[in-house]
Every structure is written in C-alpha cells, then in structure tokens.
Amino acid sequence: MRELLQTTARTKLRRLPERGRFERNTIYQILDEAFVCHVGFTVDALPFVIPTAYARVGDRLLVHGSAASRMLRALAWEADVCVTVTLLDGLVLARSAFHHSMNYRSVVIFGRAKVVSDKQEKLEALRAFTEHVVPGRWQDVRQPSENELKATLVLSLDIDEASAKMREGAPVDDDRDYESDVWAGVIPLRLMAGAPVDDVKLSKGIAVPRYASIYKRG
Ligand SMILES: Cc1cc2nc3c(=O)[nH]c(=O)nc-3n(C[C@H](O)[C@H](O)[C@H](O)COP(=O)(O)OP(=O)(O)OC[C@H]3O[C@@H](n4cnc5c(N)ncnc54)[C@H](O)[C@@H]3O)c2cc1C
C-alpha cells in the first residue's frame with residue numbers, strides 16, 4: 001500500500017521538508033515498531049503531554065487506560081489531540097558542534113479521538129494492545145472479565161492527518177570542516193531485549209514461551 005496522506009496546514013513540513021514522508025505504509029511501519037506515544041491535549045486551556053502505550057488497528061491508533069484517567073476523559077470529549085511517536089536510530093557525530101544530529105523516524109498525528117464502546121471492538125482493541133507489544137501473547141493469557149472491560153476506556157483516533165519525518169546516514173559538515181582531524185560518524189542505537197527473568201511467584205515447571213525467549217524489536 002503506497003497511499004499518500006494529504007498534507008494539511010498542520011502537517012506541511014516547513015523545516016527540512018525533504019525528510020518528510022506521507023505514505024501510509026511508512027507511517028505504519030514506524031507506528032508498528034515503536035511502543036510509546038506522547039499524547040498532547042489541553043484541559044482548561046493548559047497544555048499536557050502524557051506518554052502512553054498504543055496500538056494500530058488498520059487506519060486507527062488506539063489508546064487505553066483507566067476510565068478514571070484525566071487524559072482519556074479529556075480526549076473522550078472529541079477534543080483536539082496531537083500524538084507523536086519517535087524511534088531513535090543513531091547519534092550523529094559531526095566535525096562541528098553545530099552539525100551534530102540524531103538519526104530518527106518519527107510520526108505526528110492530529111485529530112479527535114472517539115470512545116470505542118462496542119464490546120467486541122473493545123475486546124479486539126485489548127488484543128491489539130497485547131499483540132503490539134508481544135506478538136503471540138494474547139492466546140496464552142486469561143481474557144478480560146466483564147468488570148475489567150468496564151473499567152477500561154479505549155479511544156480510537158483515525159490516522160488521516162499525519163506526517164512522518166526521518167533522518168538517516170552520515171553527518172553533513174561544512175566543506176571547510178572535512179579537513180579536520182576530529183572523528184566523525186554515527187553511533188547506531190537499537191532497542192535490545194535482555195534474557196527473560198522468571199516472576200518470583202511463577203509456578204514450578206513453566207517454561208519461558210518462545211515469543212519471550214527470542215523477543216526482538218525492529
Ligand atoms: C511507557 C508508558 C506506557 C504507559 N501506558 C499507559 C497506558 O496504556 N494506559 C494508561 O492509562 N496509562 C499509561 N501510562 C501512564 C500514563 O503516562 C499516565 O500516567 C496515565 O494515563 C494517567 O494519566 P492522567 O492524565 O489521568 O494522569 P494524572 O494523574 O491526572 O496526571 C497528573 C499529573 O501527574 C503527572 N504524570 C502523569 N503521568 C505521568 C507520567 N507517565 N510521567 C510523569 N508524570 C506523570 C503529570 O505532571 C500530570 O500532569 C504509561 C506510561 C508510560 C511511561
């Protein structure tokens with residue numbers, strides 16, 4: 001799928017627009033690899049930006065949490081929201097302090113969230129949250145009870161007004177600095193899983209499932 005999202009006054013990149021990407025598949029690859037989004041919203045004209053987990057289902061971004069959450073209650077009123085997601089890929093060390101940079105892939109989404117109230121849709125959303133983080137986990141665990149479903153608020157944001165921006169590759173120095181004897185290059189960064197640690201209350205004889213023992217991201 002190479003469908004292009006239309007740019008709007010809010011998503012038009014003004015700084016380094018050549019790093020902007022508007023293909024849905026590029027935006028979705030970033031969303032599917034990252035774990036955490038930052039949700040920006042206002043309450044009584046005061047800005048808040050709160051980190052939270054999310055999942056993508058089709059062309060929608062889902063967030064969830066306690067029905068008592070201020071963030072979720074604020075968004076449930078179809079308030080304007082701005083969600084950002086960032087993957088950090090490397091540290092870019094240039095020959096001048098000025099040209100130091102980072103390699104990254106990030107997404108910004110604007111819109112208004114809606115409450116997911118249909119029970120089946122809500123259950124699908126909870127499955128998506130679990131599977132987004134650890135694919136294969138949902139089928140192993142106890143399914144949500146009626147009370148757990150009621151206590152959870154799920155919100156859905158259409159991914160229609162969104163942009164991706166990315167930087168990759170080497171430092172870009174001023175011509176005169178390439179003569180310099182200072183080291184320059186990239187320190188790649190990636191998220192790595194350690195060896196799984198058994199819960200202290202784990203019943204005897206339960207082996208680490210394969211999706212946990214070989215866990216990796218990106
Ligand atoms: C990696 C990650 C994943 C998370 N996933 C979820 C999720 O899926 N669902 C969910 O509901 N919550 C999640 N949280 C917690 C989330 O950040 C909020 O704490 C929670 O949603 C409550 O929001 P609230 O607006 O009701 O907080 P309130 O308690 O009303 O916030 C009051 C104040 O507390 C402080 N505060 C709140 N949260 C944080 C925070 N995370 N860090 C620092 N200060 C904070 C801020 O100053 C804020 O203005 C996650 C947090 C992290 C870091």
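These questions and answers cover the ligand shell, a surface patch and two buried residues of a predicted model.

The model is predicted, so local features need pLDDT of at least 70 and side-chain atom pairs count only at pLDDT 80 or more, while totals for chains, interfaces and linings use all residues. Residues are numbered from 1 along each chain as its sequence is written, and side-chain values use heavy atoms, with hydrogens and water left out.

Reader: Which element gives the largest share of the shell around the ligand?
Author: A residue is near a molecule if one of its heavy atoms lies within 4 Å of it. Around the ligand are V36, F48, I50, P51, T52, A53, H64, G65, S69, R70 and M71. The largest share, 5 residues, comes from one strand (E in DSSP, a run of at least two residues, numbered from the N terminus). That strand is β3.

Reader: How many residues of the shell around the ligand are charged?
Author: Asp, Glu, Lys and Arg count as charged; Ala, Val, Leu, Ile, Met, Phe, Trp, Tyr, Cys and Pro count as nonpolar; the others, Gly among them, count as polar. The shell has 6 nonpolar and 4 polar residues. The charged count is 1.

Reader: What distance separates the polar backbone atom of R70 from an oxygen atom of the ligand?
Author: A polar contact is a pair of N or O atoms within 3.5 Å; within protein, one must be able to donate a hydrogen and the other to accept it, and residues adjacent in sequence count only if both atoms are side-chain atoms. T52 has a polar side-chain atom 3.3 Å from a ligand nitrogen. M71 places a backbone N or O atom 3.1 Å from a ligand oxygen. For R70 the distance is 2.6 Å.

Reader: Is L189 buried, partly exposed or exposed?
Author: L189 sits in the loop between β11 (185–188) and α5 (210–213). Buried means under 20% relative accessible area, exposed over 50%, and partly exposed in between (1.4 Å probe, protein chains only). At 32% relative accessibility, L189 is partly exposed.

Reader: Which side chain makes a polar contact with the side chain of E161?
Author: E161 is found in strand β10 (residues 161–167). Its relative accessible area is 17%, so E161 is buried. At 2.9 Å, its side-chain partner is R10.

Reader: How far apart are the C-alpha atoms of V83 and P196?
Author: V83 lies in strand β6 (residues 80–93). V83 is buried, at 3% relative accessible area. V83 and P196 are 113 residues apart along the chain, and their C-alpha atoms are separated by 31 Å.

Note on methods
Helices (H or I, at least four residues) and strands (E, at least two) are DSSP runs, numbered from the N terminus.
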